[in-house]
Amino acid sequence: MAASLAEAEVKRIEAKYSRFRSDSVISRINAQAASLEVDIDSETDSLLAYAGRLHALSDGLFDITTGVLHGAWDFKNGVLPCSDALQERLTLVGWQYVRHQHHCVRFMKSGVRIDLGGLGKEYAADRAADILAQAGICHGYVNLGGDLRAIGPKQDGASWMIGIQHPRKPKQVIATIPVATGGLATSGDYERYFEQSGRRYCHLLRPQDGWPVSGWQAVSVLAPQAITAGATATIAMLKEACALDFLKSTGFSYLAVNAEGEIFST
């Protein structure tokens with residue numbers, strides 16, 4: 001029963017916040033917020049507030065309006081974007097165009113869109129784990145495509161040993177991390193990408209110029225919640241050369257693999 005409730009919660013969150021569903025909250029906001037204030041519920045209000053805090057924490061690098069940039073990229077066919085198309089979409093990127101207050105959201109510029117894809121899966125893992133814990137489950141974890149939230153250790157008190165995928169060898173693990181409680185998430189350049197002329201172009205795009213980040217193959221973070229771990233890992237990737245300084249400042253445990261394959265970890 002508890003597992004069914006947790007699964008239903010994951011499906012609810014996906015349906016509510018998917019930008020690919022015309023009936024989702026995100027689609028409603030994107031369709032209406034440029035012309036009027038859109039009322040939002042407490043859950044959505046909290047997620048947008050968190051996105052705003054992440055934007056400030058990352059010096060503007062974590063920005064949920066950057067989803068429009070992907071329309072200029074063709075990762076499936078490995079085609080570089082047209083400069084004019086990319087520049088046009090860059091004019092629509094910026095958290096400053098989102099006015100969020102008092103359970104309402106309004107876009108200050110036509111064409112702006114928001115996308116909670118960078119938070120949704122981790123948030124769903126946390127919610128599912130909370131439901132299982134409320135049902136009395138003390139040992140186990142929720143794993144949604146590599147984004148994980150541990151409810152508690154094994155019955156004998158030992159940590160779960162979680163393998164981290166090698167960013168260049170899909171069938172191998174690059175490290176194994178003990179996790180008893182909290183969230184573990186990874187951000188990397190190997191999920192959606194293409195290579196051209198010896199350079200890898202991944203789906204994680206900088207809000208400043210719309211081009212993919214570089215410098216790190218993958219960053220994994222262990223934090224109290226999966227949503228915190230995922231956001232921290234993503235921000236580290238976006239920080240590029242400043243990633244390690246940022247990771248150290250958080251106090252969270254991490255494992256980072258740079259472009260040369262060197263591993264840095266706590």
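This section describes the pockets, the helix α6 and the nonpolar cores of a predicted model.

The largest pocket encloses about 1400 Å³ of space. Its lining comprises 49 residues, of which G117, G118, E122, E191 and H203 lie closest to the pocket centre. Several secondary-structure elements each supply at least two residues of this lining: the helices α1 (2-17), α5 (117-134) and α6 (226-239), together with the strands β4 (140-144), β5 (147-152), β6 (160-165) and β8 (182-188). The greatest contribution to the lining of the largest pocket is that of α5, with 7 residues. By class, the lining of the largest pocket consists of 22 nonpolar, 18 polar and 9 charged residues.

The second largest pocket holds about 170 Å³ of space. Its lining is formed by R168, D189, R199, R200, C202, P212, V213, S214, G215, W216, Q217 and A259. Two strands, β10 (199-202) and β11 (216-223), each provide at least two of the lining residues, and β10 gives the most to the lining of this second largest pocket, with 3 residues. Nonpolar residues account for 5 members of the lining of the second largest pocket, polar residues for 3 and charged residues for 4.

Helix α6, which also supplies residues to the lining of the largest pocket, was examined for its length and burial. With 14 residues and 1.5 Å a residue, α6 should span 20 Å, a value that agrees with the separation of 20 Å between its end C-alpha atoms. The expected span is 1.5 Å times one less than the number of residues, so the 14 residues of α6 lead to the 20 Å stated. The helix is mostly covered, since 14 of the 14 residues of α6 are buried. Just after α6, E240 adopts a positive phi of about 50°.

The largest nonpolar core contains 58 residues, and I29, L119, V219 and L247 touch the most other members. Among the elements, α6 gives the most to this core, with 9 residues. For V219, the contacts that remain once neighbours within four places in sequence are set aside are A185, T186, S187, A233, A236, M237, L247, L255 and A256. A second core, separate from the largest, has 12 residues, including L69, W73, L86 and V93.

Helix α6 thus recurs across these results: α6 supplies at least two residues of the lining of the largest pocket, and α6 gives 9 residues to the largest nonpolar core.

Notes: Residues are numbered from 1 along each chain as its sequence is written. This is a predicted model: local features need pLDDT of at least 70, side-chain atom pairs count only at pLDDT 80 or more; totals for chains, interfaces and linings use all residues. Side-chain values use heavy atoms; hydrogens and water are left out. On a 1 Å grid over the protein atoms alone, a cavity is a set of points where a 1.4 Å probe fits but cannot get out, and a pocket is an open set with protein on both sides within 12 Å along at least five of seven lines; lining residues have an atom within 4 Å of a point. Grid points are joined across faces, edges and corners, and a volume is the space filled by probe spheres set on the points. Helices (H or I, at least four residues) and strands (E, at least two) are DSSP runs, numbered from the N terminus. Ala, Val, Leu, Ile, Met, Phe, Trp, Tyr, Cys and Pro count as nonpolar, Asp, Glu, Lys and Arg as charged, and the others, Gly among them, as polar. Buried means under 20% relative accessible area, exposed over 50%, partly exposed in between (1.4 Å probe, protein chains only). A nonpolar core is a set of buried Ala, Val, Leu, Ile, Met, Phe, Trp, Tyr and Cys residues joined through side-chain atoms within 4.5 Å. Contact means heavy atoms within 4.5 Å.
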